[in-house]
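Look at the chain below from one end to the other before reading on. The paragraphs that follow go from the whole chain to its sheet, and then to the parts that are packed inside.

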Amino acid sequence: MAGRGKLIAVMGDEDTVTGFLLGGIGELDKHRRPNFLVVEKETSLAEIEETFRCVYMCDGGCRGIPGPSCDPPCFPVRRGFLAREDVGMILISQALAEQIRPAVAAHARALPAVLEIPSKDHPYDPARDSVLRRARGLFAPDELR
């Protein structure tokens, strides 16, 4: 991606995502995949998690978790926002992040950065923000836990 910037992906309720789309972040990649997900009542938890992270297919003994035990190696079957090279930041409503907290907490790489944002119906709660907890741990390691 030389010469091109990274995209901001957004996941949340209709009003939150629409606001960001009106601000100009909406894009489709070369495979026609959008960089946003509008979560409605009918949206399944599996669909939310698949859109957030990469789901792997594996014939080896690693149970779909890529790593040194993969033989043959795992390969992505659905590319979520975490697996997309063109996404540099993921904005996710905090209420939605709570629903897929294990997937959000498992993300440890710097890019794409995952930021939890408030939504219309759920105010921001700093005590539940995993990124803020990690940042505090840099300055006070005993608070990391």
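Among contacts in the chain between residues at least 6 apart in sequence, what percentage join residues at least 24 apart? The share is 61%, where contact means heavy atoms within 4.5 Å. The model is a predicted one, in which local features need pLDDT of at least 70 and side-chain atom pairs count only at pLDDT 80 or more, while totals for chains, interfaces and linings use all residues. Residues are numbered from 1 along each chain as its sequence is written, and side-chain values use heavy atoms, with hydrogens and water left out.

Start with the elements. The chain has five helices and six strands. Both kinds are DSSP runs numbered from the N terminus, helices being H or I with at least four residues and strands E with at least two. Read from the N terminus, the order is β-α-β-α-β-β-β-α-α-β-α. Of the 145 residues in the chain, 35% are buried. Here buried means under 20% relative accessible area, exposed means over 50%, and partly exposed is in between, with a 1.4 Å probe and protein chains only.

Now turn to the sheet. Strands of a sheet pair through backbone hydrogen bonds, either parallel or antiparallel. In this chain, four strands form an open sheet in the order β2-β1-β5-β6, with parallel pairing. Two strands count as paired if DSSP finds at least two bridges between them. Why do β2 (36-38) and β6 (113-117) each have one side without a neighbour in the sheet? Both stand at the edges, each with a single partner strand, so one side of each is left free of a neighbour. On average, neighbouring strands of this sheet are turned by 20° against each other, direction ignored. The axes behind such angles are lines fitted to C-alpha atoms, for helices over the stretch in contact, and angles run from 0 to 180 degrees between N-to-C directions.

The pairs can be followed across the sheet. β1 and β2 are parallel and share three bridges, and G12 stands opposite V38 in β2. On the way from one to the other lies helix α1 (residues 14-22): β1, α1 and β2 make a right-handed β-α-β unit. Right-handed means that, with the strands pointing away from the viewer, the path from the first strand over the helix to the second runs clockwise. β1 is also joined to β5 by five bridges, again in parallel. In that pairing V10 stands opposite L91, and M11 stands opposite I92. Five bridges then link β5 (residues 87-93) to β6, running parallel, with S93 having I117 as its bridge partner in β6. Before β6, in the loop between α4 and β6, is P112; the peptide bond from L111 to P112 is cis, with omega near -5°.

How covered are the strands β1 and β5? In β1, five of six residues are buried, and in β5, six of seven. One residue of β1 is A9, which is buried with a relative accessible area of 0%. A9 touches N35, F81, V87, M89, I90 and L91, not counting residues up to four places away in sequence.

Helix α2 (residues 45-52) shows how a helix packs. Its buried residues are I48, T51 and F52. Seen down the axis of α2, they fall within an arc of 100°, so they line one face of the helix; the arc is that of the directions from the helix axis to the C-beta atoms. An α-helix has 3.6 residues a turn, so residues three or four places apart point the same way. The buried residues of α2 pack against β1 (7-12), β2, β5, α3 (94-99), α4 (101-106) and β6.

Last come the cores. In soluble globular proteins, nonpolar side chains tend to be buried together. A nonpolar core is a set of buried Ala, Val, Leu, Ile, Met, Phe, Trp, Tyr and Cys residues joined through side-chain atoms within 4.5 Å. The largest one here has 17 residues, and M11, I48, F52, I90, I92 and V114 have the most contacts inside it. Two or more residues come from each of β1, α2, β5, α3 and α4, and β5 gives the most, with three. A second, separate core has five residues, including V17, I25, L91 and I117.
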